[in-house]
Amino acid sequence: MVSPHRSGHATGVRALGETMPKMKTHRGAAKRFKKTGSGKIRFKRAFLRHCLEQQPKSAKRVLRKAGYLSGGDARAIQRKLRGE
(Lines give C-alpha, C1' and ligand atoms only; values in the text may rest on other atoms or scores of the structure.)
Protein backbone atom coordinates (compact mmCIF):
# COMPACT_ATOMS: atom_id res chain seq x y z
CA MET A 1 0.00 0.00 0.00
CA VAL A 2 1.42 3.39 -1.02
CA SER A 3 1.18 6.22 1.48
CA PRO A 4 -0.92 9.19 0.26
CA HIS A 5 1.84 11.57 1.47
CA ARG A 6 4.38 10.46 -1.13
CA SER A 7 3.13 12.74 -3.95
CA GLY A 8 2.81 9.95 -6.51
CA HIS A 9 6.47 8.82 -6.55
CA ALA A 10 5.56 5.14 -6.44
CA THR A 11 3.43 5.51 -9.59
CA GLY A 12 6.03 7.56 -11.46
CA VAL A 13 3.85 10.68 -11.59
CA ARG A 14 5.65 13.91 -10.73
CA ALA A 15 4.13 16.94 -9.09
CA LEU A 16 4.00 20.16 -11.06
CA GLY A 17 7.43 21.82 -11.10
CA GLU A 18 9.35 18.68 -10.10
CA THR A 19 12.23 17.84 -12.40
CA MET A 20 13.80 14.54 -13.28
CA PRO A 21 16.74 13.54 -11.08
CA LYS A 22 20.15 14.47 -12.43
CA MET A 23 22.18 11.86 -14.27
CA LYS A 24 25.25 10.96 -12.21
CA THR A 25 28.65 10.13 -13.65
CA HIS A 26 30.03 6.78 -12.49
CA ARG A 27 32.80 8.03 -10.20
CA GLY A 28 34.89 4.86 -10.43
CA ALA A 29 34.98 5.15 -14.22
CA ALA A 30 35.72 8.88 -14.06
CA LYS A 31 38.85 8.20 -11.99
CA ARG A 32 40.15 5.48 -14.32
CA PHE A 33 39.27 6.69 -17.83
CA LYS A 34 39.59 9.99 -19.70
CA LYS A 35 38.09 11.00 -23.03
CA THR A 36 40.58 12.36 -25.57
CA GLY A 37 39.92 15.24 -27.93
CA SER A 38 39.17 12.83 -30.76
CA GLY A 39 36.65 10.93 -28.61
CA LYS A 40 38.73 7.86 -27.75
CA ILE A 41 38.77 6.48 -24.19
CA ARG A 42 42.25 6.46 -22.63
CA PHE A 43 43.32 4.45 -19.57
CA LYS A 44 46.49 3.80 -17.56
CA ARG A 45 47.92 0.30 -17.83
CA ALA A 46 48.26 -2.10 -14.92
CA PHE A 47 51.36 -3.94 -13.56
CA LEU A 48 53.48 -0.86 -12.79
CA ARG A 49 52.96 -0.57 -9.02
CA HIS A 50 55.32 -3.04 -7.34
CA CYS A 51 57.61 -6.03 -8.05
CA LEU A 52 59.19 -4.09 -10.90
CA GLU A 53 62.72 -5.45 -10.51
CA GLN A 54 61.91 -8.75 -12.18
CA GLN A 55 60.07 -7.19 -15.12
CA PRO A 56 62.15 -6.51 -18.22
CA LYS A 57 62.83 -2.87 -19.07
CA SER A 58 61.10 -3.27 -22.41
CA ALA A 59 57.89 -4.46 -20.73
CA LYS A 60 57.92 -1.55 -18.28
CA ARG A 61 58.51 0.86 -21.16
CA VAL A 62 55.48 -0.48 -23.04
CA LEU A 63 53.34 -0.29 -19.90
CA ARG A 64 54.15 3.41 -19.45
CA LYS A 65 52.20 4.23 -22.60
CA ALA A 66 48.47 4.90 -22.31
CA GLY A 67 46.02 2.27 -23.50
CA TYR A 68 42.90 2.97 -25.56
CA LEU A 69 39.61 1.10 -25.36
CA SER A 70 37.92 -0.27 -28.44
CA GLY A 71 34.52 -1.57 -29.43
CA GLY A 72 31.92 -2.50 -26.85
CA ASP A 73 34.21 -1.68 -23.94
CA ALA A 74 34.53 1.91 -25.14
CA ARG A 75 30.75 2.24 -25.59
CA ALA A 76 30.07 0.91 -22.09
CA ILE A 77 32.57 3.28 -20.47
CA GLN A 78 31.28 6.24 -22.50
CA ARG A 79 27.82 5.59 -21.08
CA LYS A 80 29.24 5.60 -17.56
CA LEU A 81 31.17 8.82 -18.17
CA ARG A 82 28.04 10.47 -19.60
CA GLY A 83 26.04 9.38 -16.59
CA GLU A 84 23.61 6.89 -18.13
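Me: Which residues form a positive surface patch?
Reply: The model is predicted. Its positive surface patch is built from five-membered company of Lys and Arg side chains, listed here by name: R27, K31, R32, K34 and R42.

Me: Which helix gives the most to the positive patch?
Reply: R27, a member of the patch, lies in helix 1. That helix spans residues 27-32 and contributes three residues. The element that gives the most is helix 1.

Me: Is R27 buried or exposed?
Reply: Exposed means over 50% relative accessible area. R27 has a relative accessible area of 53%. R27 is therefore exposed.

Me: How many aromatic pairs does the count come to, and which residues form a pair?
Reply: The count comes to one aromatic pair. Its ring centres are 6.5 Å apart, with 70° between the planes. Planes over 60 degrees apart count as edge-to-face. The edge-to-face partners are F33 and F43.

Me: Which strands does the pair link?
Reply: F33 and F43 are ten residues apart, so the pair links distant parts of the chain. F33 sits in residues 33-35 and F43 in residues 41-43. These are strand 1 and strand 2.

Me: Which counts as buried, F33 or F43?
Reply: Buried means under 20% relative accessible area. F43, at 23%, counts as partly exposed. F33 has 16% relative accessibility. The buried residue is therefore F33.

Me: In what order do the elements of the protein chain run?
Reply: The chain has three helices and three strands. From the N terminus on, they run α-β-β-α-β-α.

Key: Residues are numbered from 1 along each chain as its sequence is written. This is a predicted model: local features need pLDDT of at least 70, side-chain atom pairs count only at pLDDT 80 or more; totals for chains, interfaces and linings use all residues. Side-chain values use heavy atoms; hydrogens and water are left out. Patches are made of residues with over 30% relative accessible area and no salt bridge: like charges are joined within 9 Å, nonpolar side chains (Val, Leu, Ile, Met, Phe, Trp, Tyr) within 5 Å. Accessible areas come from the Shrake-Rupley method with a 1.4 Å probe; for residues, only the protein chains shown count as cover. A salt bridge is a side-chain nitrogen of Lys or Arg within 4 Å of a carboxyl oxygen of Asp or Glu. Lys and Arg count as positive and Asp and Glu as negative; His and the chain ends are not counted. The place of a charge is taken as NZ of Lys, CZ of Arg, CG of Asp or CD of Glu. Helices (H or I, at least four residues) and strands (E, at least two) are DSSP runs, numbered from the N terminus. Buried means under 20% relative accessible area, exposed over 50%, partly exposed in between (1.4 Å probe, protein chains only). Rings of Phe, Tyr and Trp (its six-membered ring) pair if their centres lie within 6.5 Å; planes under 30 degrees apart count as stacked, over 60 as edge-to-face and the rest as tilted.
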